[in-house]
Each structure stands twice: as structure tokens, then as C-alpha cells.
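The report below goes through a protein model with two chains, from single residues to helix packing, cores and the contact between chains. Please read it beside the sequence and the 3D view.

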Amino acid sequence: MSNEALSFTSPGAIALEAIGLSKRFGSFKALDDVSLKVPAGEFHALLGENGAGKSTLVKCLMGFHRADEGAVLLDGREVSVRNPREAQGLGLGMVYQHFTLVPSLTAAENLVIARRDAPAVIDWAAERRRIEAFLDRTPFRVPLDRRVGALSAGERQKLEILKLLYLDQRFMILDEPTSVLTPAEADEILGHLKAMTERGEITVLMITHKFREVQAFADAVTVLRRGRVVGGGRGLSTREMATMMVGEAAATAGASGKAALPERRAMPASVGEPALELAGLFAEDDDGRPALRGVSLKVAAGEIVGIAGVSGNGQGALVETCCGQRPLSSGQMFVNGRDFLPTRRAFDAAGLFVVPEEPLKNAAVAGMSVADNIVFRRFEKPPLSRRGWWLDRRAIRAAGRELMTRFRVASPSPDTPIGALSGGNVQRAVLARELSAEPIAVLIVANPCFGLDFASAAEIRARIVAARNAGAAVLLISEDLDEVLDLSDTVAVISHGQIAYKAPIAEVDRGTIGIHFAGGSEGEQGAPLG
Amino acid sequence: MTDTGVITVLIALLAGAIRVSTPFLFVSLGECLTEKSGRVNLGLEGTLVLGAMVAFAISYHSGSPWLGVAAAAGAGFLMGALHGAICRLPRVNDIAIGIAMMSFGTGLALFLGKPYIQPSAPRLPSLPLGDWLDMPALAQMLDVSPLFLVGLALAFLLDWVFRNTRAGLIVRVTGDDAAAARALGIGVDRVRLFATALGGASAGVGGAFLSLYYPGSWNEGLSSGQGLMAVALVIFARWQPRRCLLASLFFGAASALGPALQSVGITAGYYFLNAAPYVLTLLIMAGSGSARRAAQYAPGELSINR
């Protein structure tokens with residue numbers, strides 16, 4: 001029986017250096033000449049917005065992707081990592097955003113089976129002694145005999161880290177390790193890791209969104225934006241990091257497709273009731289923790305209110321409650337001054353339309369045809385059906401074909417299952433359904449251009465602005481700050497399930513937004529605004 | 001009812017439980033192994049019937065009932081391997097294949113087994129555990145099949161394997177999280193193929209018990225759905241081999257209720273009492289199958305879970 005688990009006592013944080021890594025996915029450059037140096041025993045933070053290339057970078061390091069160009073050095077030696085197993089063999093380990101433990105096995109069983117040399121017959125008494133001796137050398141405590149499924153998120157995260165230590169992986173990549181933890185749990189875990197780096201036992205590279213954790217634990221920072229290193233170093237202030245993260249307005253205006261947007265009609269001077277009003281929305285996530293904590297917002301007809309924010313701050317729950325996928329624990333929605341409950345009939349009566357994120361999952365039936373999906377909102381009404389129950393297949397196909405042409409949905413035929421289309425075409429098909437009705441009173445759109453190429457994104461944004469010009473009240477929820485800034489009349493930032501900031505577009509500057517992005521009051525600039 | 005009457009009924013229940021539970025035990029242990037690896041094999045009913053027929057035929061021709069048992073295990077292994085191999089193909093649903101395998105196994109047994117309905121074959125011996133009693137009638141009831149003891153040992157062995165061996169952990173990882181299993185370098189399909197094949201072998205032995213011990217002959221209505229009930233029993237047992245044993249005994253006792261009462265002269269509701277195990281299946285499925293508590297123990301990869 002080998003002592004793989006025991007060699008941990010040997011000192012040995014690993015140094016890592018990446019030189020000029022580039023990675024393309026089709027025409028999209030996910031990494032552009034990224035260099036990164038993490039000396040042994042350093043706690044290094046990797047910052048960036050969604051889609052900045054952080055995940056691509058660590059996936060290249062771990063061997064999930066092969067970089068098109070560039071080299072990776074471990075302790076000064078060039079290595080080629082072809083798959084995660086090889087990375088493991090070199091001492092590179094990663095804690096993923098999702099847990100990789102097996103839920104029905106106990107903590108001890110998870111540790112033993114993760115070892116490549118697990119014995120055929122396990123002598124649990126000896127194995128226990130060895131694991132406990134190993135645990136004594138680490139600061140982490142987890143119950144060994146409980147099923148992992150019954151552990152708390154914090155305990156599971158500790159166990160993920162313990163597994164890396166147990167497998168002797170002394171360069172640790174942590175992908176947003178605290179997103180599922182309470183602040184106290186996060187501080188405990190990061191504090192222990194920090195101490196271990198200081199003792200020279202491990203090196204840590206942590207992807208995070210939280211400036212507070214960077215300030216408290218990281219020795220050095222690298223900031224990525226649009227696949228490039230835009231800054232980094234030691235002892236940066238929150239404001240400096242935020243500015244690097246969200247970029248300079250001038251530097252991005254050309255690249256974000258502003259030119260493609262249609263002329264915006266002036267907003268009508270707001271008269272009377274707002275078209276959409278959210279009053280104190282509270283909701284819980286799937287685990288029963290608060291996801292929305294009193295979201296209140298008004299959107300006038302002909303106005304786009306854009307909600308920006310770091311993902312996981314309640315955006316998903318907000319869209320889901322608005323379209324009836326998630327129950328409200330309290331609060332009310334009003335459309336045109338009337339109480340709104342998200343039922344099919346109410347959507348129809350109020351003229352409220354929703355384009356949720358991941359439309360294939362949230363707004364389409366993958367196995368049904370494109371035409372069927374396009375007519376979901378009105379298939380039971382004439383002319384698509386007679387007397388409300390007899391569907392006219394021919395009319396449905398014709399309606400589908402007509403909208404497919406108008407919204408440029410590229411599909412072999414209206415009868416193709418929508419699940420067979422590309423992401424952009426599914427998005428266009430759902431937009432065709434939600435934007436083709438007249439009149440649109442309220443439009444709720446979430447991440448409409450996520451994962452789409454430049455041209456499709458520009459076209460879809462133009463359609464959203466067109467709907468606004470036609471008088472719709474638009475609530476845009478997006479993780480792409482540039483998109484929010486380009487489209488919105490009013491910008492809001494959501495943080496920890498609350499609207500942390502709201503201002504007309506003319507008064508918005510990126511620095512302030514960046515601060516509220518990263519947890520509002522935790523930044524340098526005072527209390528959150530209304 | 002007199003005191004001796006009560007004792008007679010209790011002993012008859014115990015004897016019946018041991019006798020009737022054996023096929024339940026083998027099938028449910030087999031299914032437990034298969035489901036732990038992340039697949040459902042509903043075809044074990046067919047495997048049970050085929051095992052019964054093969055065991056009877058081999059015993060008839062060779063004169064050795066134990067050779068019959070081995071042949072039944074082999075036939076069950078092949079049936080399980082066939083299920084496992086078909087389920088490896090993309091876009092194949094294990095439950096649908098299971099139902100097909102159920103019909104296939106039963107049909108094959110009836111087709112091949114026609115000539116064996118009349119003759120009698122050498123039966124498995126029994127261990128007279130009741131000899132210390134001075135009541136011959138009761139002693140006869142406590143004749144225990146060695147296969148029951150094998151099943152008993154198998155339940156504990158399987159439990160031990162799941163906890164204490166790499167193979168057992170690998171089966172559990174595969175059944176709980178195929179992605180994690182692949183990340184550990186485990187060949188998910190291969191593990192499931194073996195788990196299904198071995199599960200089939202166990203069910204085949206259960207069939208051998210039916211035709212070679214109790215009731216001890218081969219005919220078409222031999223199983224009357226016991227294979228299916230055993231599958232349900234695994235859910236009741238929360239996928240734990242030792243609970244499979246308890247559940248099998250419980251089902252066996254329920255099946256023995258009617259005959260036991262009849263033996264002391266109570267015949268009222270005889271047919272109703274004979275239906276007890278079926279009613280029990282329904283109640284158990286309604287009670288434990290839908291509850292979240294049971295689902296929490298279910299292997300995460302089972303297609304009924306997703």
C-alpha cells in the first residue's frame with residue numbers, strides 16, 4: 001500500500017508561471033497573450049467580469065483545454081498538461097464551482113476512493129488512523145462518517161480542499177470557492193489556506209468576484225478583461241481593481257456594437273403610473289436561502305431599466321419570479337397599475353413578455369418544432385385554432401415560417417425540433433415569439449446576448465431598443481455591463497438580492513458601478529443608494 | 001384460539017417467511033447491486049422464471065440439483081449481461097429494456113420449458129433445523145433450504161463489499177454520480193454491465209429455488225410476479241442489502257399468512273390473505289416510494305430519479 005497521502009509533510013508549494021497563453025474558440029478570442037506569475041507560497045487572486053477569460057485560463061492550466069499559444073512553467077520547468085489527470089500528477093489541483101464529491105459516500109470514503117491506489121479490500125481501521133493523522137496536520141475539521149450529501153456547504157467545500165491536500169496537490173486553483181458559503185465560513189476557509197501559503201505548504205490561485213476577500217487574503221492580484229491581462233500587482237485599492245475590472249468607457253465603446261443600435265426616440269416625459277412596478281420582492285433560492293431581499297423597481301413605458309451585477313446576486317431569481325417559475329415569499333408585481341400574478345392569462349391580458357436566460361431551458365420545449373415553439377403564446381387563439389381547441393397545423397406552420405423569416409431564424413424547416421438549432425437561433429426564435437406581438441406593454445429580458453456572436457448580439461440589441469421605441473417598458477437584466485450601459489435609460493445594480501444603486505444613464509460612471517458591483521457598502525464609497 | 005394454535009401459526013409464519021422469502025431475497029439483492037450501479041433492471045422477473053426453468057431442466061437431465069442452481073446462475077448472468085450490453089447503446093432507456101427483458105425471459109422459459117411441466121426432477125435437499133422440537137409437524141415446517149442460508153450470507157457479504165472494498169465503492173460512485181466516476185477514471189458502462197450481470201445471476205438462483213425447492217416443480221405460473229415485487233422491495237429497503245433481507249422476510253411472512261391460518265382451521269378471507277403481499281407492495285410503494293426520505297437514499301444516477 002503506498003503512502004501517497006502521507007507525503008504531504010514534505011515541504012513544497014509549487015510555483016507556476018504562464019507565458020503568453022492564447023486560446024481561440026472559433027472566431028472568439030477567449031485568451032489573448034495572457035501571462036501570469038505565481039511564486040511558490042503565494043495567495044494569488046484572479047479577478048474579472050463574467051466572460052473575461054478567467055475560467056478559460058485555469059482550464060488551460062488544468063489541461064481541460066489546450067492553449068493555442070504560450071507555455072506553462074511549474075517550478076521553472078516547462079510542462080505540457082494534456083488532461084486533468086496529468087495536472088493531478090504534477091501536483092495541480094482544482095476546486096470547481098460545483099462540488100465533485102460523491103453525495104452518498106461518506107467523507108472518508110470519498111477521500112479513499114479518490115486515491116488512485118485505493119486498496120481492493122479497505123482496512124477501515126488503518127485507513128481511519130491514516131486519515132486522522134493527515135487531518136491533524138491540516139487546519140480543517142469535517143465529520144468523516146457522515147454522508148457528504150448531509151454535510152453543509154461549508155463542510156463540503158472544506159472536504160473538497162482536503163481532498164486536494166490528501167492527493168498531495170500543492171498548487172491549488174479555487175474557482176469562486178466562497179460563492180456557496182456564508183461570510184464566516186468563507187473567512188475561516190480562506191484564513192486557513194492563507195496560513196498554509198504563509199508556511200510555504202501550498203500555493204493558491206483563486207478566482208473571485210469579491211474585493212473584500214482579495215483585500216483580506218490575497219498577496220497579489222491579476223485582473224483580466226476581455227481575455228487580456230489589464231492590470232495587477234500587490235496592494236491595489238478596491239477602486240483601482242474595480243476600474244480595471246469594468247474597463248474604461250472610451251476603450252470599449254468601439255467594440256461593443258453601439259454603432260449598430262437604431263436611433264433612440266426621446267423618452268416620453270413619464271406620466272402617471274409606471275408600466276411595470278416591482279414592490280418589495282422577496283424570494284428564496286432552491287436551498288431555502290434568501291435570493292431576493294426586497295427588490296423594488298419602477299419601469300416607465302418607453303424606458304429601458306438595465307440591471308447589472310455580478311452573477312449570483314439574485315438576477316436569476318428575479319427573472320424567475322417575474323415569469324412565475326419561482327414563488328414569491330412576499331412582495332407584489334404591478335403592471336399598468338394593476339396587481340399582476342404570473343399566469344398565462346395574465347401575461348396575455350397585460351401584454352407582458354419575457355425572454356429569460358438560457359432560452360432553450362427556460363422558454364422552449366426542446367423536442368417540439370420551431371413553429372410550435374414560436375406560437376406558444378397564441379396557439380389556442382384564432383387564426384391558429386378553431387373554437388379554442390382544434391389546432392390548425394397549416395396555419396401554425398405558416399405563422400412559424402413567417403416569423404422565422406422576419407427574425408432570421410436559420411432552421412432547415414419550421415418542423416425541425418428547436419433543440420437542434422444553435423444558441424443564437426433559439427434565442428432569435430424565442431425573441432420572435434416574445435417580440436412579435438402587438439402591443440408590448442412590458443418586456444423582461446435576461447442576458448439576451450449571452451454566448452452569441454457579435455452580429456447576432458447587435459441585431460438582438462437593436463430589436464430590444466426598437467421595442468422600447470414602440471413604447472414598451474423594458475427590464476433588462478444582464479451580466480454584461482457594457483450591454484447594460486449601451487441600452488439602458490436607467491441603470492441599476494443588484495447586489496445580494498437588493499437594488500444597491502440606481503441612476504439615470506447620464507449620471508452613471510463606471511467607477512461607482514464597479515464599487516456597487518463588488519458588494520456596495522464593502523467598497524470605499526459609503527452606503528448603497530436607493 | 002388455543003395457545004398451541006397461536007404457537008402453530010407463529011411457527012408456520014416463521015417457516016413460511018423463510019421459505020417464501022428466499023426468491024425475494026435473491027432477486028432483491030441482485031436488483032440492489034444493479035441499482036447501486038445506477039441502473040434499473042426490471043427484467044429480473046423474466047430472469048427469475050428463466051432461472052427456474054433452466055435449473056429444473058438441468059437437474060432433470062443431470063440428476064444434480066446443484067448443477068441446476070449453477071446453470072440458473074449462469075443463465076441469469078447472461079440475461080443481465082444482455083440487459084447491460086443493450087443499455088450501453090446511446091439513447092436506450094434501461095426501464096424500457098427491462099420490461100422487454102421481462103417478456104423475453106418469461107417467453108423463453110415457457111418456450112423451452114414446455115417438456116418439463118410434467119416430469120419431476122431431483123430437488124434440493126433441506127436442512128432439518130426443527131429436529132430438536134418434539135412436534136414432528138412443526139419440525140417439518142422448519143426444514144430450511146441451504147439456499148436460504150446462502151442468501152443470508154450473500155446479504156451480509158454484499159453489505160460488506162459495499163462498505164469495505166474498492167469494487168464496492170466503485171459501484172456506489174458509479175451509481176451516484178457518473179461524472180465523478182469518470183473523473184476518477186472509472187469505466188461507468190463496464191461497471192454497470194458487471195453489476196447488472198451479477199444481479200441477474202443472483203435472480204437466476206432465486207428462480208432455481210422456486211423450481212427445485214419450493215414449490216419445487218416447474219410450471220408457467222411459478223413466479224406470479226415475485227420478481228417484480230422484489231424490485232419494489234429494493235426501494236423499501238433503501239438500497240441496503242441487510243434491509244433487503246428484512247424486507248424479504250417480511251414479505252415472506254405476509255405470503256405465509258393465509259396458509260398458516262388455514263393450518264389451524266381459519267379459512268375466512270383466505271384468498272384475501274393470499275393477496276396480502278400484493279397489497280403490501282402497493283402500500284409500501286405509496287408510502288415509501290413517493291416520500292422524499294426514501295429518495296434521499298436512492299443512487300443519484302437512477303433514471304427514475306432524474
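Leu82(B) touches Met101(B) and Phe104(B) when residues up to four places away in sequence are not counted, contact meaning heavy atoms within 4.5 Å. The place of Leu82(B) is in helix α3 of chain B, where helices are DSSP runs of H or I with at least four residues and strands are runs of E with at least two, both numbered from the N terminus. At 36% relative accessibility, Leu82(B) counts as partly exposed; buried means under 20% relative accessible area, exposed over 50%, and partly exposed in between, with a 1.4 Å probe and protein chains only.

This is a predicted model, in which local features need pLDDT of at least 70 and side-chain atom pairs count only at pLDDT 80 or more, whereas totals for chains, interfaces and linings use all residues. Residues are numbered from 1 along each chain as its sequence is written, chains are lettered from A and ligands numbered from 1 in the order in which they are written, and side-chain values use heavy atoms, with hydrogens and water left out.

Helix α3(B) also packs against another helix of its chain: the axes of α2(B), residues 44-62, and α3(B), residues 65-88, come within 7 Å and cross at roughly 145°. These axes are lines fitted to C-alpha atoms over the stretch in contact, and the angles run from 0 to 180 degrees between N-to-C directions. Residues of α2(B) including Leu50(B), Val54(B) and Ile58(B) meet residues of α3(B) including Leu67(B), Ala72(B) and Met79(B). By class, this contact has eleven nonpolar, six polar and no charged residues, where Ala, Val, Leu, Ile, Met, Phe, Trp, Tyr, Cys and Pro count as nonpolar, Asp, Glu, Lys and Arg as charged, and the others, Gly among them, as polar.

Chain A has 18 helices and 22 strands, and buried residues make up 55% of its 530 residues. Of the contacts in chain A with a separation of 6 or more, 68% are between residues 24 or more positions apart. Two residues of chain A and one of chain B are set side by side here.

| Residue | Place | Relative accessible area |
|---|---|---|
| Leu384(A) | loop between α13 (370-374) and β17 (385-386) | 3% |
| Thr56(A) | helix α1 (residues 54-62) | 13% |
| Leu82(B) | helix α3 | 36% |

Leaving aside neighbours within four places in sequence, Leu384(A) is in contact with residues including Phe379(A), Trp390(A) and Ile396(A), while Thr56(A) is in contact with Lys23(A), Phe25(A), Ala30(A), Leu31(A) and His65(A). The C-alpha atoms of Leu384(A) and Ala399(A) are separated by 8.2 Å, with their positions 15 residues apart along the chain.

The largest nonpolar core has 80 residues, and those with the most contacts inside it are Leu159(A), Leu165(A), Met172(A) and Leu193(A); such a core is a set of buried Ala, Val, Leu, Ile, Met, Phe, Trp, Tyr and Cys residues joined through side-chain atoms within 4.5 Å. Apart from it lies another core, of 46 residues, among them Ala208(B), Leu212(B), Leu233(B) and Ile284(B).

Between the chains, the contact takes 17 residues from chain B and 17 residues from chain A. The area buried there is about 1,500 Å², of which carbon and sulfur atoms give 56%, buried area being the accessible area (1.4 Å probe) that two parts lose on being put together, summed over both. In chain B, Arg166(B), Leu169(B) and Leu184(B) lose the most area to chain A, together 35% of what that side buries.
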